[in-house]
Amino acid sequence: MQVSQNLKKVPRPVLLLLLIAAAILCAKSFVINPQLFAGKASIPAESTDTVWSFVAFTLAGLFYVTYLRLRYRPKAGEIGFGLLFGILNYFGTTLFAYDSWAFIGVFQSWTAVAVKCIGQGFTMVTLLTLVSNSLQKQPFPKTPLHKYGRLRSFFAWHTTLVCVLLFVLCWSPYLIIFYPGTVISDMSWMFEQLQGITQMTTWHSVFTTWVFGGCIYLGRFLSGDNLGCLLYMLLQTFALAYACARTVSLVRQLDIQWQWQIGVLAFFTILPFWGGYSMMIGKDTLYTATLLLFFINTIEWMRGLRVFRTKHWLIYGVLSMLVCLWRNNGLYVVVPSLLAFLFMAKNNSIRKRLTGVLTGVLVLVMGLNHIVVPALGIIDNTASGIYSVCFQQTARVVRSYKDELTPDETAEIDRVLDIETIGNLYEPWISDPVKMTFRQFGQGAAVEKAALRRYRKTWFSMMFKYPVTYLQAFMAGNRGYYSFIPKYTGITYSQQAGLRFVYTSFDIEGEGELHTVQPEAFTSLRIYAAKIIEGFRTLPIIQLLFTCAFYTWLLIGAAIAMAHRRRWRELLLFVPALFSFAVCLVSPVDDYFRYFLPIIAMTIPLLACTHYPPNAEVANHAG
């Protein structure tokens with residue numbers, strides 16, 4: 001309040017000059033030195049390029065609207081997270097650009113680093129202030145249903161059905177042009193294991209392998225692999241369409257104005273990644289759809305939007321289990337979420353039901369992993385799955401300091417990883433090349449865990465010798481999820497870094513292998529469609545919707561808005577997104593869109609819940 005009073009005493013021309021100066025300083029804080037640039041992207045603009053004048057002009061407008069026109073003032077939450085962004089974004093983007101922070105103290109002083117962090121941080125403080133205050137505004141009253149026209153009334157009464165049909169219709173060009181769907185490498189390898197060509201393991205979800213294999217076998221029985229892939233593509237398309245439709249229905253139930261409902265419809269219909277992932281044959285589309293449905297059902301019972309009877313809780317339990325079955329790491333999202341929702345529930349009856357769901361999930365996963373998998377002779381090789389970060393840190397140390405390692409360190413590293421090659425194989429943005437040298441891979445959980453137990457001691461002791469190298473390896477593997485790095489270009493391992501869409505299938509030649517054929521008649525259409533889809537990533541403003549970090553900080557702004565309203569219990573709704581984000585941080589690939597897709601899917605429900613708090617009657621009734 002005192003700051004606001006003091007600002008009123010400052011002449012307006014002086015305030016405008018201060019905002020312009022701040023905008024110029026903030027714009028310059030984002031400049032990357034093109035002479036030192038070594039990143040996998042196009043060379044950044046020079047500091048004298050006119051693009052920075054445009055950025056400064058835009059930031060000046062942002063500062064003016066936020067602080068002078070709307071008179072918003074940042075609070076502790078916006079300032080704290082904004083400054084955190086400044087640090088993370090500066091060190092994340094410079095690591096992407098230079099592959100090292102060694103330039104600090106040589107080409108750039110620590111004072112300059114601090115100024116750049118503050119400049120970037122102040123920009124995010126302003127954006128978070130704008131987002132959090134906008135979400136705290138009193139929403140407009142809902143338009144009475146009887147004032148709707150016939151078409152809008154039909155949409156209001158049959159929202160889910162209409163949206164499912166609309167989404168499938170809008171995504172159908174992707175399904176047709178890329179028929180029978182583009183198969184990612186994981187699915188081809190999973191089917192290879194199911195065929196017995198290679199040993200079946202738990203590296204990829206066993207349940208997903210069975211479902212996908214069932215579709216392929218049915219397709220082969222009736223026609224061929226194309227039909228099998230088509231069946232799976234249709235399964236995940238309708239699952240995703242239904243989940244997105246339920247999101248629109250939820251938005252309508254939360255009394256959001258019809259203009260915003262149209263915006264939500266546009267989000268799911270126009271942006272190509274929904275249609276792109278409906279036609280891409282993988283495990284992430286079904287996982288995203290199931291997690292989104294689990295999340296929507298949570299909001300419905302929490303807000304009292306639906307009377308949850310026994311059948312609804314059974315469905316909720318099935319959805320919780322499916323999230324864990326589609327992807328191995330789904331367990332690390334569902335279990336913390338259910339524990340958080342236990343605290344969120346106000347009713348003992350609902351707590352008992354949630355406890356039952358949580359117990360069912362744990363029993364299912366334990367039974368599958370410890371009874372079914374061993375009984376079927378499937379090898380459990382997931383022990384090393386969570387060591388992506390550790391392996392990358394070791395490889396980066398070997399790349400830079402191999403000659404400094406002691407004989408014991410060298411021997412212990414070489415016991416689990418090929419120390420002669422990992423230094424050269426190391427790529428900051430993906431851990432697969434290094435992980436592939438894991439010597440105990442596929443030898444069973446007991447052997448893997450024993451080897452990793454010894455390795456863990458060496459890894460921990462080396463952390464204190466090379467802390468900066470460890471931190472650089474960690475950030476290099478996940479910076480795209482919270483810092484605004486450019487699009488990856490150039491040659492990377494399997495072209496996976498920063499991957500958004502897949503346009504061709506991964507086939508393995510050989511008897512019994514999965515093999516699909518895309519119609520030659522659609523070749524030119526596929527090329528043209530790919531160019532259009534990729535073109536979205538270059539459009540001003542729109543390209544933010546294809547950036548993982550955009551959703552990360554948008555949700556942080558929403559969480560701050562909810563905290564300002566002291567809606568502490570409802571903050572627990574962010575737990576599924578939070579733990580999905582944590583999974584991305586320790587994942588093997590940086591800026592990987594299919595890993596981040598569940599967070600994007602949950603963004604709209606979270607924004608809607610933040611902007612439209614429950615009234616007293618609903619709050620007393622819920623949970």
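Me: Which residue forms a salt bridge with Asp-432?
Reply: In this predicted model, Asp-432 lies in helix 20, and its partner lies in that helix too, three residues apart from Asp-432, about one turn of the helix. The closest N and O atoms of the pair are 3.7 Å apart, which falls within the 4 Å that a salt bridge requires. The partner of Asp-432 is Lys-435.

Me: Is Lys-435 buried or exposed?
Reply: The relative accessible area of Lys-435 is 12%, and a residue counts as buried when that value is under 20%. Asp-432, its salt-bridge partner, has 14% relative accessibility and is likewise counted as buried. Lys-435 is therefore buried.

Me: How many residues apart in sequence are the parts that Asp-418 and Arg-439 tie together?
Reply: Asp-418 and Arg-439 form a salt bridge whose closest N and O atoms are 3.7 Å apart. Asp-418 belongs to the loop between helix 18 and helix 19, whereas Arg-439 belongs to the loop between helix 20 and helix 21, so the pair ties together parts whose separation in sequence is 21 residues.

Me: Which residue of the salt bridge between Lys-465 and Glu-409 is buried?
Reply: The closest N and O atoms of this pair are 3.1 Å apart. Lys-465 sits in the loop between helix 21 and helix 22 and Glu-409 in helix 18, so the bridge ties together parts that are 56 residues apart in sequence. Lys-465, at 39% relative accessibility, counts as partly exposed. At 10% relative accessibility, the buried residue is Glu-409.

Me: How many salt bridges does the structure hold?
Reply: Among them are the bridges of Asp-432 with Lys-435 and of Asp-418 with Arg-439. The total for the structure is 21.

Key:
Residues are numbered from 1 along each chain as its sequence is written. This is a predicted model: local features need pLDDT of at least 70, side-chain atom pairs count only at pLDDT 80 or more; totals for chains, interfaces and linings use all residues. Side-chain values use heavy atoms; hydrogens and water are left out. A salt bridge is a side-chain nitrogen of Lys or Arg within 4 Å of a carboxyl oxygen of Asp or Glu. Helices (H or I, at least four residues) and strands (E, at least two) are DSSP runs, numbered from the N terminus. Buried means under 20% relative accessible area, exposed over 50%, partly exposed in between (1.4 Å probe, protein chains only).
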